[in-house]
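Thanks for making time this morning; I would like to walk through one model with you and then take your comments. Please have the sequence and the structure open while I talk.

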Amino acid sequence: MASLGVDSEQEPLLGDRTPGSREWDIIETEEHYKSRWRSIRILYLTMFLSSVGFSIVIMSIWPYLQKIDQTADASFLGWVIASYSLGQMVASPIFGLWSNYRPRKEPLIVSIFISVAANCLYAYVHVPASHNKYYMLAARGLVGFGAGNVAVIRSYIAGATSLQERTSSMANTSACQALGFILGPVFQTCFALIGEKGVTWDVIKLQINMYTAPVLLGAFLGILNIILILTILREHRVDDSGRQCKNINFEEASTDEVQVPQENIDQVAVVATNILFFVILFIFRFETIVTPLTMDMYAWTREQAVLYDGIILAALGVEAVIIFMGIKLLSKKFT
């Protein structure tokens, strides 16, 4: 994933050559440049893991729901799927507001920890004697709440890149998100080989099967992500030319930072972009009904549905990555 933005990351940013000057006006040090791109790449990984958290179980939710609670029907499946989006909708403005006044490490770490805990809860929804479907509903809602950090990730990357780097970096961010949608079903497809029975760790009442193994992997990757954020991520903000700026999120003040005046926001562009993003996600959510649809239409078993639908969704993800990379190349050519 880090190689996606190599072209825009090769050299530190330099100022324009002034008339009669023999030297470049360096506006970013090598140390700051490397730290900035390390932090951005960590957030590429965070975006990837956030989308994996959605797609890694999307093909197995319906068969798992049927297995743990016989009272669950297709209508309740709709609520389980919607709980992720509802959780994300509630969390996004909260984490966004939090990141405006505090270091962005804080909402990122808290959100990922919530996702880790929710994945562990999902692995144990079979344990209660009754109302198992409601535990699954809560688990998916909390995973979605943790995924509310997507807004923080995008705002950080937009603020930590110059105008020259921004389009490429945002395309890389979207590509990492799409890659997560690809590999999530791929992971699920691989874990389908474990089967429904799997193995049971009686001491802690943990079942490791094709339904729980993906979320346990997600929990492990989330813990790894928290460690990387704590050790590598630093607060960075640059202006359009790449000059380091001073803002409320900085952990350390610097005398050579500049305060950039706030410009008027194009409200029409913001609203239009949000509507477009809503339409894209609205269309994407239709894929959540693939599993019950194929089980009804083709009489697939639960294991067959998880395997074949995972392959189908992975193929769609490959197509999405190709489109994002095409947008990245076209933006360089025509802008």
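Let me begin at Leu 193, which sits in the loop that runs between helix 7, residues 163–191, and strand 1, residues 199–201. I should say at once that this is a predicted model, and that everything I describe is computed from it. Is Leu 193 buried or exposed? Its relative accessibility is 71%, and because the cut-off for exposed is over 50%, Leu 193 counts as exposed. In space, the C-alpha of Leu 193 lies 8.6 Å from that of Glu 303, although 110 residues separate the two in sequence.

Stepping back to the whole chain, the protein has 11 helices and two strands, and along the sequence they follow the pattern α-α-α-α-α-α-α-β-β-α-α-α-α. Of its 335 residues, 47% count as buried, and among contacts with a separation of 6 or more, 73% are between residues 24 or more positions apart.

Now to the interior. The largest nonpolar core holds 62 residues, and those that touch the most other members are Ile 61, Leu 65, Tyr 122 and Met 136; helix 1 contributes the largest share of this core, with 11 residues. If we set aside neighbours within four places in sequence, Met 136 is in contact with Ile 61, Tyr 64, Leu 65, Ile 68, Val 80, Tyr 122 and Val 125.

Met 136 is also one of the buried residues of helix 5, a list that includes Asn 132, Lys 133 and Arg 140 as well as Gly 141, Gly 144 and Gly 146. Helix 5 itself has 15 residues and spans 21 Å from first to last C-alpha, close to the 21 Å expected at 1.5 Å a residue, and its buried residues pack against helix 1, helix 2, helix 3 and helix 4.

That leaves the empty space. How many cavities of 30 Å³ or more does a search of the whole structure find? The search finds two, and the largest encloses about 250 Å³. Of the 22 residues lining this largest cavity, Leu 49, Ser 50, Gly 53, Ser 115 and Gly 218 are the closest to its centre. Helix 1, helix 4, helix 5 and helix 8 each supply at least two residues of that lining, with helix 8 giving the most, six residues. In character, the lining of the largest cavity divides into 11 nonpolar and 11 polar residues, with no charged ones.

I will stop there and take questions.

Terms used: Residues are numbered from 1 along each chain as its sequence is written. This is a predicted model: local features need pLDDT of at least 70, side-chain atom pairs count only at pLDDT 80 or more; totals for chains, interfaces and linings use all residues. Side-chain values use heavy atoms; hydrogens and water are left out. On a 1 Å grid over the protein atoms alone, a cavity is a set of points where a 1.4 Å probe fits but cannot get out, and a pocket is an open set with protein on both sides within 12 Å along at least five of seven lines; lining residues have an atom within 4 Å of a point. Grid points are joined across faces, edges and corners, and a volume is the space filled by probe spheres set on the points. Helices (H or I, at least four residues) and strands (E, at least two) are DSSP runs, numbered from the N terminus. Ala, Val, Leu, Ile, Met, Phe, Trp, Tyr, Cys and Pro count as nonpolar, Asp, Glu, Lys and Arg as charged, and the others, Gly among them, as polar. The expected span of a helix is 1.5 Å times one less than its number of residues. Buried means under 20% relative accessible area, exposed over 50%, partly exposed in between (1.4 Å probe, protein chains only). Contact means heavy atoms within 4.5 Å. A nonpolar core is a set of buried Ala, Val, Leu, Ile, Met, Phe, Trp, Tyr and Cys residues joined through side-chain atoms within 4.5 Å.
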